[in-house]
Amino acid sequence: RRARSRCAGPPMAPPSGGGTGAARLLLLVAACVPAARGDSVVEILGQLKAMRDVASELFDSAAAGIKEAGDATEAEKVSKWSNDWLSVLGVQRGLTGLVKDFALNYLGRSSYHDANGELVDAISALSMRMRSHDALGDDEAAARVLRQYVMDICKAGKKVFASGGSLHTMLSELQAVLKDANIRHFAKGMKNSAQLRKVLEYLAGPRPADAAEPEEL
């Protein structure tokens with residue numbers, strides 16, 4: 001069975017000239033979600049900011065933990081991923097690069113929305129795991145399980161996002177920093193992040209129109 005896509009609809013034209021490019025692209029991505037969930041653009045943009053804030057917090061915490069454990073080189077790699085992909089500035093990298101890649105190459109395209117079920121399922125699985133009582137323990141076993149859920153998202157995303165694009169590159173580099181030796185430092189930060197739970201529940205939650213419908217076969 002395939003999970004229903006987060007948003008659907010006809011292909012949308014790229015933003016035209018004028019105005020701030022990053023803001024226009026964020027609004028373009030936000031525009032598809034209200035149609036699916038009934039949310040306002042303001043709420044969507046607020047969620048985008050929350051996602052960035054949570055990720056930045058987690059990577060800063062992990063980098064500090066790794067450095068404290070004695071591996072300054074690996075800590076720098078983790079910090080670099082955060083600086084490269086969570087920055088608002090950038091063309092191919094940063095949030096602008098990610099939004100541009102999604103908005104211009106995937107948003108509204110049936111080739112993406114008809115094939116993203118595995119990715120949606122992987123996000124939903126992580127969200128469900130995060131809600132469980134023992135999900136965010138800071139022991140090694142819990143950390144390895146959590147790592148596998150995140151790696152599943154990376155693998156599923158790389159199947160639907162084209163190689164060489166910003167989204168595919170970001171996920172590939174995320175896989176590289178989420179090595180088993182590092183993930184326990186991420187897990188400690190995740191355990192203490194109430195905002196992370198809210199963001200994941202928002203991402204994976206069903207849209208109101210579909211909530212009472214059976215899953216597609």
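This briefing covers helix H3, its packing against helix H8, and Ser87 in the loop after H3. The model is predicted: local features need pLDDT of at least 70, side-chain atom pairs count only at pLDDT 80 or more, and totals for chains, interfaces and linings use all residues. Residues are numbered from 1 along each chain as its sequence is written, and side-chain values use heavy atoms, without hydrogens or water.

**Helix H3**
- H3 covers residues 72–85; helices are DSSP runs of H or I with at least four residues, numbered from the N terminus.
- The 14 residues of H3 should span 20 Å at 1.5 Å a residue, which agrees with the 20 Å between its end C-alpha atoms; the expected span is 1.5 Å times one less than the number of residues.
- Buried residues (under 20% relative accessible area, 1.4 Å probe, protein chains only) of H3 are Glu74, Ala75, Val78, Trp81, Ser82, Asp84 and Trp85.

**H3 against H8**
- The axes of H3 and H8 (residues 166–177) come within 10 Å and cross at roughly 160°; axes are lines fitted to C-alpha atoms over the stretch in contact, and angles run from 0 to 180 degrees between N-to-C directions.
- H3 and H8 are therefore roughly antiparallel (angle over 145 degrees).
- Contact (heavy atoms within 4.5 Å) involves Lys77, Val78, Trp81 and Trp85 of H3 and Ser166, Thr169, Met170, Glu173, Leu174 and Val177 of H8.

**Ser87**
- Ser87 lies in the loop between H3 and helix H4 (94–105).
- At 24% relative accessibility, Ser87 is partly exposed (between 20% and 50%).
- Beyond neighbours within four places in sequence, Ser87 contacts Ser82, Gly94, Leu95 and Thr96.
- Ser87 and Gly97 are ten residues apart in sequence, and their C-alpha atoms are 9.7 Å apart.

Note on methods. Helices (H or I, at least four residues) and strands (E, at least two) are DSSP runs, numbered from the N terminus. Angles under 35 degrees count as roughly parallel, over 145 as roughly antiparallel, 65 to 115 as roughly perpendicular and the rest as oblique.
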